[in-house]
Amino acid sequence: MTLGGAMWLLWCAGAGAALGSFAACAAWRIPRGVGLCGRSRCPACGAPIPWHRNVPVLSWLLLRGRAACCGARLSARYVALEAAFAAAGLAAGLLLAPPG
Ligand SMILES: [Zn+2]
């Protein structure tokens, strides 16, 4: 595989994960009547989440499923959704432009 091909697949997986992150966020916010705009907040204590703690899948793994602010357990459902979207993005990338 070329470097360009690897970068492309990485981008597709990342875009998928970002989409999954948004879907998970929407799935949490809409039933609670919270608007989709505005920064991410901790579902447990409401503390704003800085961008480097809000990387789909990766942050959850690094923090072992706990919130950095208050240590509350974060549902694996959201990270599973992000991972599923990342896999779908990867699959789409492979279909659209199979690496050499
Ligand atoms: Zn918190």
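**Exercise 1. Arg 64: burial and backbone.** Determine whether Arg 64 is buried or exposed, and state in which loop Arg 64 lies.

Solution. Arg 64 has 8 other C-beta atoms within 10 Å. A residue is exposed if that count is 12 or fewer, so Arg 64 is exposed. Arg 64 belongs to the loop between α2 and α3. Its phi is positive, about 50°, although Arg 64 is not a glycine. The model used here and in the exercises below is predicted.

**Exercise 2. Val 57.** Determine whether Val 57 is buried or exposed, and describe its phi.

Solution. Start with the place of Val 57, which is the loop between α1 and α2. Next, count neighbours: Val 57 has 20 C-beta neighbours inside 10 Å. Buried status requires 20 or more, so Val 57 counts as buried. Finally, the backbone of Val 57 shows a positive phi of about 65°, although Val 57 is not a glycine.

**Exercise 3. Leu 36.** Find the loop that holds Leu 36 and list the contacts of Leu 36, leaving aside neighbours within four places in sequence.

Solution. Leu 36 is placed in the loop between α1 and α2. With that exclusion, Leu 36 is in contact with Ala 26 and Arg 29. The C-alpha atoms of Leu 36 and Phe 22 are separated by 9.0 Å, with their positions 14 residues apart along the chain. Leu 36 has 9 C-beta neighbours inside 10 Å and therefore counts as exposed.

**Exercise 4. Elements and confidence.** State how many helices and strands the protein chain has, and where confidence is lowest and highest.

Solution. The protein chain has three helices and zero strands, in the order α-α-α from the N terminus. Its average pLDDT is 90, and 98% of the residues score at least 70. Confidence is lowest in helix α2 (residues 58-62), with a mean of 91, and highest in α3, at 94.

**Exercise 5. Length of α1.** Compare the expected span of α1 with the distance between its end C-alpha atoms.

Solution. Helix α1 has 27 residues. At 1.5 Å a residue, α1 should span 39 Å. The end C-alpha atoms of α1 are 38 Å apart, which agrees with that expectation.

**Exercise 6. The contact of α1 with α3.** Describe how the axes of α1 and α3 are arranged, and which residues of α1 are buried.

Solution. The axes of α1 (residues 3-29) and α3 (residues 76-96) come within 7 Å and cross at roughly 145°. The crossing of α1 past α3 is right-handed. The residues of this contact divide into 18 nonpolar, five polar and one charged. From α1 they include Trp 8, Leu 9 and Leu 19; from α3 they include Tyr 78, Glu 82 and Phe 85. The buried residues of α1 are Cys 12, Ala 13, Gly 16, Ala 17, Gly 20, Ser 21 and Ala 24, and they pack against α3.

**Exercise 7. Ala 87 and the chain as a whole.** Give the C-alpha to C-alpha distance of Ala 87 and Gly 16, and the share of buried residues in the protein chain.

Solution. Ala 87 is in helix α3. Ala 87 and Gly 16 are 71 residues apart in sequence, yet 7.2 Å apart in space, C-alpha to C-alpha. Ala 87 itself is partly exposed, with 14 other C-beta atoms within 10 Å. For the protein chain, 69% of contacts between residues at least 6 apart in sequence join residues at least 24 apart. Buried residues make up 18% of its 100 residues.

Notes:
Residues are numbered from 1 along each chain as its sequence is written. This is a predicted model: local features need pLDDT of at least 70, side-chain atom pairs count only at pLDDT 80 or more; totals for chains, interfaces and linings use all residues. Axes are lines fitted to C-alpha atoms, for helices over the stretch in contact, and angles run from 0 to 180 degrees between N-to-C directions. Helices (H or I, at least four residues) and strands (E, at least two) are DSSP runs, numbered from the N terminus. A crossing is left-handed if the near helix is turned anticlockwise from the far one by less than a right angle, and right-handed if clockwise. Two residues are in contact if their C-beta atoms, placed from the backbone, lie within 7 Å. Ala, Val, Leu, Ile, Met, Phe, Trp, Tyr, Cys and Pro count as nonpolar, Asp, Glu, Lys and Arg as charged, and the others, Gly among them, as polar. pLDDT is the predictor's confidence in each residue, from 0 to 100. The expected span of a helix is 1.5 Å times one less than its number of residues.
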